[in-house]
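Hello,

Here is the structure I promised to pass on to you. Have a look at it first, and then read my notes below.

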Amino acid sequence: MTDLLDRLRDAVGASHVLTDDADVAAHVVDWTGVHRGRALAVVRPASTAEVAEVVRACAETRTPVVPQGGNTGLVGGGVPDGSGTAVVLSLTRMRTVRDVDPVAGTITVDAGVVLADVQAAAADADRLFPMSLGSEGSCTIGGNLATNAGGTAVLRYGMTRELVLGLEVVLPDGRVWDGLRGLRKDNTGYDLTQLFVGSEGTLGVITGAVLRLFPATPRHATAWVAVPSVAAAVELLALAQREAGVHLTTFEIANRQALDLVLAHLPGAVDPLEAPSGWYVLVELAGTASDDGLDDALERLLSLGVDTGVVADAAIATSPARRDALWALREGISEVQKVEGATLKHDVTLPIARLAAWTDAMGPRLQEVLPGVRPVTYGHVGDGNLHYNLNAPSPDGTSRDLDLLDAAPDLSTAIYDAVAAEHGSISAEHGLGRTKAAAAAAYKSRVEVDLMRAVKQALDPDGLLNPGVLLARD
């Protein structure tokens, strides 16, 4: 492989072809710390032309390529396997905001631009890029597109695939498809842009994107709401949609176990309500500078919720600092779980009408598999997405991580079977990566799997792009 490494050094510069273990280490383990691999090298191109040259060289030598953005994934989709034969293609040097067009409502960016920087560039033009994730300070647009990321504003603005108009993609043979057209209407053939969104780097390497912008929403009305059950949360969602209409932007749910972890491990976190509740909802209305009455709409919604018995108590944000504090309770959940101990993560979608019944039945079922297991449940009620994570039993204050790891296959099977029974999905917004590829195939029809494999074969016949991700190896 010396000739390949020399060619890669010529393409991107010797200092951007990393082979030393210390330099490679951060690129071969994902955010969870669970998925670890080995790499022949980590290559850091600075332009689309350099990406194309790297991919072309790897194709000619039949070397696997693993595209990587901010490496904030949770299912092993951006790290190599353990063979040590793959080149990790890190796009973090590609961080140029190429164009902002506030009139057309578009922003064109390199794939390596961090999500928070896209948000900031949009704000500088008095526009909004609405995607918001807990990892927005480090995740990149290329990774967001490759996984079709969701986030806390899906209820109003949709998933990542609904926020993109065009892409630039390096194909598995090194050719470049320039689809950077910011058109709202283009019925001239297959929608190739959407083919690559959610493909997890298995069909091509996204190097640039034209994204949609929206009117800025500087006005907010936010509340942390205690609800007696998931069923009550769903009822409150229906009230919110009726009372707030298009201004309803966020409707997040969390159970008491999730809040307790945040209060225990997140510095400065304070319970905004006096009495504990089994479940909580973070609801936010957002509007433009001319949108008056958001506070009144929120108060009216909460009053109706109290009258109908679906709201037990609520804390309303009365200042930007108070709003930030309420959001920290929701956004801190994923991070504090790492402090608590081993976590078994699940990212499921269910029909909204079935969320309550599914959640009520799931808890007792998992206790049969592993007594004392602690469900840490949170997510996005408005789109039916629950992060149904499990922490190990802790009867004496010490997390029994080994018990959780031993029971993990049975716990996941119980969850996935229950999701399939409700015609849901075992991956809502995290993708399949290496973790869920085989499981997804087991729950899909043969026809669906065959169609996916046909697309992969057509674009990447040698199977060199992110092998083992999204589609399990035969």
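**Strand S8 and its surroundings**

Strand S8, residues 164–170, is mostly covered, with seven of its seven residues buried. Please keep in mind that this is a predicted model.

What does S8 pair with? On one hand there is strand S10 (residues 205–212), joined to S8 by six bridges, and the two run antiparallel. Val 164 has Leu 211 as its bridge partner in S10, while Val 170 is partnered by Val 205 of that strand. On the other hand there is strand S9 (residues 176–179), which is also antiparallel to S8 and is joined to S8 by four bridges. Here Val 169 finds its bridge partner in Trp 177.

S8 and S9 together make a hairpin, with five residues between the two strands. If you check backbone torsions, go to Gly 174 in the turn, where phi is positive at about 95°.

**The sheet as a whole**

Where does S8 sit in the sheet? The order of this open, five-stranded sheet is S5-S6-S10-S8-S9, and the pairing is antiparallel. Its edge strands are S5 (97–101) and S9, each of which pairs on one side only. On average, neighbouring strands of the sheet are turned by 10° against each other, with direction ignored.

As a reminder for viewing it, side chains in a regular strand alternate between the two faces of the sheet.

**Helices across the sheet**

Two helices are worth displaying together with these strands. Helix H3, made of residues 48–60, lies across S5, S8, S9 and S10 and runs at about 50° to S8. Helix H4, made of residues 115–124, lies across S5, S6 (106–110) and S10, and its angle to S6 is about 145°.

**Cysteines**

How many disulfides does the structure hold? The count is zero, where a disulfide would need a pair of cysteine sulfur atoms within 2.5 Å. Are Cys 58 and Cys 139 buried or exposed? Buried means under 20% relative accessible area. Cys 58 has a relative accessible area of 1%, so this residue counts as buried. Cys 139 has 2%, and therefore Cys 139 is buried as well.

I hope this gives you a good start with the model. Do write back if you would like to go through any part of it together.

Best wishes

Terms used:
Residues are numbered from 1 along each chain as its sequence is written. This is a predicted model: local features need pLDDT of at least 70, side-chain atom pairs count only at pLDDT 80 or more; totals for chains, interfaces and linings use all residues. Side-chain values use heavy atoms; hydrogens and water are left out. Buried means under 20% relative accessible area, exposed over 50%, partly exposed in between (1.4 Å probe, protein chains only). Two strands pair if DSSP finds at least two bridges between them. Axes are lines fitted to C-alpha atoms, for helices over the stretch in contact, and angles run from 0 to 180 degrees between N-to-C directions. Contact means heavy atoms within 4.5 Å.
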